[in-house]
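Trainee: Could you take me through one part of this model up close, the place where two helices meet, and then connect it to the rest? I'd like one long answer rather than a list.

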Amino acid sequence: MRAQSSATASPGIAVPAVRDSRGVGTLQAALGVLAFSLTFPATAWGLEGFGPWSLVAVRSVLAALIAGGCLLALRIVPPDRRHWPGLAVVGAGVVLGFPMLTTLALQTSTTAHAAVVVGLLPLTTALLSALRTGSRPSRTFWIAALAGAAAVLAFTVGQSGGALTTADAYLFGALLVCAAGYTEGGRLARVMPGWQVIGWALVLCLPLALPVAAFALSTEPVRLTAHSVAGVLWVAAGSQFLGLIVWYRGMAAIGIPKASQLQLAQPLLTLVWSVLLLNEHLTVAAPLTATAVLVCIAVTQRARG
């Protein structure tokens with residue numbers, strides 16, 4: 001009888017611990033989404049004073065210096081050689097590819113239209129994750145994910161008038177490279193701390209970003225304003241480093257597919273910031289779409305992965 005009582009007590013202790021871990025992971029991923037939601041408005045601010053190449057290169061250099069300083073201060077040992085190819089994918093997709101392509105797109109596109117990319121990103125990340133890691137989310141998960149993506153797409157395309165622009169090629173390219181970077185980063189975050197994943201990816205890109213920054217700053221006009229400086233600082237420290245730290249930690253805790261679905265709320269948050277920071281007009285469809293998206297997020301978080 002004592003053995004039976006002990007056996008039943010152990011699961012009772014373990015379950016709350018697992019739930020707490022998932023709750024913390026969900027919170028971390030949500031904080032990452034909040035940080036990312038400011039990326040497009042901050043980029044628009046940055047473009048007021050920097051050229052597109054200067055903006056992306058400078059943000060990468062600043063973020064790499066922050067990350068490198070943290071790694072040196074804490075005396076972190078470099079990862080095993082087998083992890084560097086994955087870190088290169090993270091760097092190419094998240095550090096360089098996505099910022100560059102979306103910055104080029106935002107030269108001719110509004111933040112509302114660019115949010116279409118973010119609306120499709122969770123579904124693309126889940127698809128790439130299934131191919132890369134062998135995960136098999138349930139049918140309910142996929143139905144909710146597709147419904148959420150459809151709701152976000154309908155809202156963001158409606159906001160932009162339904163017209164496709166020349167920036168779409170950049171946006172869809174950014175979608176693919178970022179999903180690859182998220183998938184590989186989420187996988188690596190299971191074997192090393194999430195902040196080290198993005199930290200080493202940033203350091204890996206520094207030898208390329210530094211000369212590009214020097215060249216771009218010498219060829220593109222620069223006009224320092226409060227908006228442009230604040231925009232660069234946010235996309236470097238907030239989006240490129242701090243946001244990715246909590247994002248990768250969250251993905252490692254709750255899984256890549258479920259974490260990616262939290263990003264369904266990101267386009268709506270971006271549109272709110274666009275109204276507050278860029279004075280863009282927001283239609284009455286926003287609260288209706290927000291409700292639909294939150295329902296889809298709730299379903300995906302409860303569905304088995």
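**A helix pair and its surroundings**

Mentor: Let's start with helix 2 (residues 39-46) and helix 11, whose axes come within 8 Å and cross at roughly 35°. Keep in mind that this is a predicted model. On the helix 2 side, the residues at the meeting point are Phe40, Pro41, Ala44 and Trp45, and they face Thr270, Trp273, Ser274, Leu277 and Leu278 of helix 11. Sort that contact by residue type and you get seven nonpolar, two polar and no charged.

Now pick out Thr270, which sits in helix 11. Is threonine 270 buried or exposed? Its relative accessible area is 2%, and the cut-off for buried is under 20%, so threonine 270 counts as buried. Leaving out residues up to four places away in sequence, Thr270 touches Ser37, Phe40 and Pro41. Phe40 and Pro41 belong to the helix 2 side of the pair we just looked at.

Follow the chain on from helix 11 (266-278) and you come to the loop that leads to helix 12 (285-302), which is where threonine 283 has its place. This threonine has a relative accessible area of 31%; buried stops at 20% and exposed begins over 50%, so threonine 283 is partly exposed. For a sense of distance, take threonine 283 and glycine 173: they are 110 residues apart along the chain, and their C-alpha atoms are separated by 28 Å.

For a second helix pair, go to helix 4 (residues 84-105) and helix 9 (residues 226-254), which pack at an angle of about 135° with their axes 13 Å apart. That angle is why helix 4 and helix 9 are described as oblique to each other, and the crossing of helix 4 past helix 9 is right-handed. Helix 4 brings Val90, Val94, Val95 and Pro99 to the contact, while helix 9 brings Gln240, Leu244 and Tyr248. By type, this contact of helix 4 with helix 9 has six nonpolar residues, one polar and no charged.

Isoleucine 198 ties in here. Setting aside neighbours within four places in sequence, its contacts are Val90, Val95, Gln240, Phe241, Leu244, Ile245 and Tyr248. Among them, Val90 and Val95 come from the helix 4 side of that packing, and Gln240, Leu244 and Tyr248 from the helix 9 side. Ile198 also shows up in the largest nonpolar core, a set of 60 residues, where Tyr182, Ile198, Trp247 and Tyr248 have the most contacts inside it.

Key
Residues numbered from 1 in each chain as written. Predicted model: local features only at pLDDT ≥ 70, side-chain atom pairs only at ≥ 80, totals over all residues. Heavy atoms only, no water. Core = buried A, V, L, I, M, F, W, Y, C linked by side-chain atoms within 4.5 Å. Buried < 20%, exposed > 50% of the residue type's maximum accessible area, 1.4 Å probe, protein only. Contact = heavy atoms within 4.5 Å. Axes fitted to C-alpha atoms, helices over the stretch in contact; angles between N-to-C directions. Helix = DSSP H or I, 4+ residues; strand = E, 2+ residues; numbered from the N terminus. Parallel < 35°, antiparallel > 145°, perpendicular 65-115°, else oblique. Left-handed = near helix turned anticlockwise from the far one by under 90°. Nonpolar A, V, L, I, M, F, W, Y, C, P; charged D, E, K, R; others polar.
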